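Colleague: I am new to this structure and would be grateful for a close look at the contact between the chains. Please explain the terms as you go, and place that contact in its surroundings.

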Amino acid sequence: MSYTRPTFRHPEQQRNDKGYFRRDYEGAISTLCAGCGHDSISTAIVQACFEMAVEPHRVAKLSGIGCSSKTPAYFLGKSHGFNSVHGRMPSIATGANMANRDLLYIGVSGDGDTASIGMGQFAHALRRNLNMNYIVMNNGCYGLTKGQDSATADKGSAGKKGTPNPFESIDLCELAIELGASFVARSFSGDKQQLVPLLKAAISHNGLAFLDVISPCVTFNNTATSTKSYQYVREHSEATGTFDFIPLQREILTRYEPGTTQAITMHDGSLLYLEKLEQSFDVTSRRRSVDKLEEAKENGRLLTGVIYVKPDSQDTHDIINTTLRPLNSLDQSDLCPGSEVLAAINENYR
Amino acid sequence: MNRIERVNDFVIRFANVNGSGSASANNLFAQAIFRMGIPVSPKNIFPSNIQGLPTWYEVRVNEKGYLGRRGGYDMVVAVNGQTLLKDYNEVASGGYFFYDSTRVLPDECQRTDITVLGMPLTELCNEAFENPKLRQLLKNIIYVGALSHLLDIEFSVLTDSIQRQFKKKPKLAEPNIQALEIGLNYAREHFTDSCRLSVVRRDLLTDAIIMDGNSATGLGALYAGATVAGWYPITPSTSVIEAFERFAGRYRIEDETGRRKVAIIQAEDELAALGMVIGAAWNGARSFTATSGPGISLMSEFLGLAYFSEVPVVLIDVQRTGPSTGMPTRTQQSDLIAAAYASHGDTRNVLLFPCDPAECFELTAQAFDLAERLQTPVLVMTDLDLGMNDHVSRPLVWDDKRRYDRGKVLSAEQLDALETRWGRYLDIDGDGICYRTIPGTHPTQGAYFTRGTSHDEYAAYTEDSGAYERNMIRLLTKWDTAKTMVPEPHITIRDPQSKVGAIFFGTTTHSAYEAINRLEEEGTAINTMRLLSFPLTATALDFINSHDMIFVIEQNRDSQLKTLIVTDNGILPNKLVPLTNFDGMPITADYITEKLEAGLAVSTTTTGGSK
Ligand SMILES: Cc1ncc(C[n+]2csc(CCOP(=O)(O)OP(=O)(O)O)c2C)c(N)n1
Ligand code: SF4
Ligand SMILES: [Mg+2]
């Protein structure tokens, strides 16, 4: 059931650059369990879009099936949404993006939705570098079907049922890098400080921006034996570095030390400053990024933050050379060759 | 021996090896008949293989214009050692067997009721040409040259065709023409009055074209303004997208930039292919996919989503022989039920049935209008025979006054002008079709959440039984509206008194008409209805209601069209008599004639002889 939020306005509420209030980015009231990580991610999406002054009607939000995939109902209520079928969000997003390259596409999926049933579509949206933000709300289990292990559950991790997962887990970030994603980041639903700027950077990226957000399922997988619990994630995450996202046309206020910071210019001109914990780490190197993920794993740590960026990547439209005008804006005069041409075509078949 | 003696009315079968370059020689032959103005229908019977297995090419020449398969072969051209004996035995009594006599005929070939025409094709070819690759190709051209003598094909028509084919590479035309001459000269010297089959120029085809259905379908999508295609390769549908891409490469390039006004994505599987189409259609672009039976099975879940969330998608199903992988390169009309009721839950999809290239073009274009008008999936049901073989057809036509019908889509101005609350699934016109909006249209109005879960009139999630039922019943109202919008059947009443009818569709059409005309000549009138769509229109139902015994002729085992008719309209099953062919080969007029006669005989004995 969806409930509509009562409309009251705080007198101090501010408008963003485009004149929208924060509430213009909110959605219906969530029906997820109280404390579910997914809700915090929805809030972060609202904040990021508000602060980036994205026009709500220029966003399309898409999802598959699962608790996570329900969240598009709970953010950006003024945007068009498409809650599709289990594991198939990427193909819907691909078609939608092909039809109109000018909208911002935010895709939400779960770890079951992406790492199992939707693995194929996930892989191929990545390798085509579809221009979208692909967010996995990763809780290591199938929330909506009552807590079965998912393919991202760590080996040995045990949820509410208590049976340790006997299989290897899939690291979606590592896979995404290998499959051709041009922006890969990991975060935690409980770390808004990190998640909001990551979402903003993803929004300003051209190409597929993949975000793996660990998002504890309080009902089925927040146990002391689970590696996707609030406590475990808090204790074991390790950031690639602190970073700042500076949207285009904003003044740079901080002084960044050369040598310890890496500056990356995003597609839209925004800047990403990464203050690195480790000198040698270069987020634009695919190889170093995969190494870094493996290193952290060896040390029993969960690497978060920006993991890989290829700022100047070509998206699907660039690759297939489509017109810069949205295809859905072309009319009959643009598309139909007419009867004279058809007469000539007939002649070729005589 | 009684030699078959016929002018402009015979069937010739070529037996070749797949991948040996026989296709262009055989095409040249069929095209020559076409260019002499005589109706002709070539059919490729090919294996699911790239090189080495047997392949046949059947050409029916018929000046009366009967272009379905007839049954039987008056002449066989045998250039495949693997199948030589079988080919020999299949020649009709009194017919002609033409073979490569570089090798002697096996001892088993002792028939005295056929004319055997041996010609040392390999030897002649090797003498004349050095290049081994060219030799293989030209051996086939040599027999075409010989046939021009045996069947009286105008030699200049053949040489003109070659010149036309190699307009851009005249050097290649030379050896081809030389090969034709070698064949012609040998045949002239060695075969005098050997063959009583012949062709005579008739110029019956002044306006006609000869084209494969898939090219026409791809072109139909282009003319209809499709801009997004998601697809996954599968025989026999691949060439629909290839044609679309080919024509788009010519007619969809932006002048100033050279960029493409089309996005064609080869998907990772059929699920994704249809997902892309749904995403694009939801976002306001005309989009489509083309597939065959196995793809329909995979697309089933998504078809249900499009049906229930009311997204206009166009799907071309070029049917092949099922179930499962079946016979991938053989034809059938066996996806009807899977397509009409694709997906779990209560679903019904609109189907269109073209029977020739002109209709492939028109019905595909119309499918886009219907899909958007009805906001539902529309499936164009063709088949391998129609899609991959060349067919003589009236030319493709496009009326420049025609406008794309995008259906009920609200613009920003219309959203502003609304006086009452808009509901995506609110039926205000009573036809079951509601107003949709395209993402990005209006800053504050018209956004909604599309979903495959149950929704109320305002697109909000609901588990309220009443709201769910209202929605499902509205979808039925829409189904009734569809019955008034789909193309009408073609009905021919041969005898208003007759209570016997026949229903058929698609590629069954041509052989069915031929068989029924034969019966009419013998005094039995069967009224006919060629269906162009499912659901059935009121006119179609009238036809069924006004006949007592109706043959339903189709190319599948389980009488799928009959099932659709019975299920969707509550027709008594007993009055519909199945007449099916499901061997994977296009149904023949001989077969239909025989089955109709048998069926009528039974009915005469059981009902006491009413007409
Ligand atoms: C084809 C299909 N199979 C199975 C299901 C049942 N199902 C619904 S949600 C889900 C798993 C969801 O897990 P995840 O994507 O991790 O989302 P979460 O609920 O954990 O956020 C499954 C198996 C379905 N809806 N469709
Ligand atoms: S079951 Fe788990 S994932 Fe689903 S809403 Fe509850 S806490 Fe969230
Ligand atoms: Mg999950």
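**The contact between chain A and chain B**

Modeller: Over all chains, the rule yields 53 salt bridges, a salt bridge being a side-chain nitrogen of Lys or Arg within 4 Å of a carboxyl oxygen of Asp or Glu. The model is a predicted one, in which local features need pLDDT of at least 70 and side-chain atom pairs count only at pLDDT 80 or more, while totals for chains, interfaces and linings use all residues; side-chain values rest on heavy atoms, with hydrogens and water left out. Residues are numbered from 1 along each chain as its sequence is written, and chains are lettered from A and ligands numbered from 1 in the order in which they are written.

I turn now to the interface itself. Chain B contributes 73 residues to the contact and chain A contributes 60 residues, where contact means heavy atoms within 4.5 Å. The area buried between the two chains is about 5500 Å², and carbon and sulfur atoms give 59% of it; buried area is the accessible area (1.4 Å probe) that two parts lose on being put together, summed over both. Side chains of opposite charge can pair when their charged atoms come close. Four salt bridges are found across the interface of chain B and chain A. B:D207 forms a salt bridge with A:R350, with the closest N and O atoms 3.6 Å apart.

Between chain B and chain A, 30 residue pairs are in polar contact, both residues being at pLDDT 80 or more. A polar contact is a pair of N or O atoms within 3.5 Å; within protein, one must be able to donate a hydrogen and the other to accept it, and residues adjacent in sequence count only if both atoms are side-chain atoms. Among the elements that give two or more residues to the side of chain B that touches chain A are α1, α7 (213-223), α8 (238-251), α9 (270-282) and β17 (449-451) of chain B. Helices (H or I, at least four residues) and strands (E, at least two) are DSSP runs, numbered from the N terminus. The largest share of that side, eight residues, comes from α9(B). The residues of the side of chain B that touches chain A comprise 38 nonpolar, 18 polar and 17 charged; Ala, Val, Leu, Ile, Met, Phe, Trp, Tyr, Cys and Pro count as nonpolar, Asp, Glu, Lys and Arg as charged, and the others, Gly among them, as polar.

A sheet also joins the chains. Strand β2 (residues 80-83) of chain A pairs with β17(B) in the parallel sense over three bridges, and two strands pair if DSSP finds at least two bridges between them. In this pairing, A:G81 stands opposite B:F449. The open sheet has nine strands in the order β9(A)-β13(A)-β7(A)-β8(A)-β4(A)-β3(A)-β1(A)-β2(A)-β17(B), and its pairing is mixed. At the edges stand β9 (237-239) of chain A and β17 of chain B; each has a single partner strand, so one side of each is left without a neighbour in the sheet. On average, neighbouring strands of this sheet are turned by 20° against each other, direction ignored. Within the sheet, β7 (183-188) and β8 (208-214) of chain A run parallel and are joined by six bridges, with A:F183 opposite A:A209 in β8(A). Helix α9(B) lies across β1 (59-63) and β2 of chain A together with β17 of chain B, and runs at about 155° to β2(A). Axes are lines fitted to C-alpha atoms, for helices over the stretch in contact, and angles run from 0 to 180 degrees between N-to-C directions.

Helix α1 of chain B, which also gives residues to the interface, leads to another sheet. This open sheet of six strands in chain B has the order β3-β4-β2-β5-β6-β7, with mixed pairing. Strands β3 (40-45) and β7 (115-119) of chain B are at the edges, each with a single partner strand, so one side of each is left without a neighbour in the sheet. The twist from one strand to the next averages 15°. Helix α1 (residues 22-35) of chain B packs on this sheet and touches β2 (9-17), β3 and β4 of chain B. The direction of α1(B) makes about 165° with that of β2(B).
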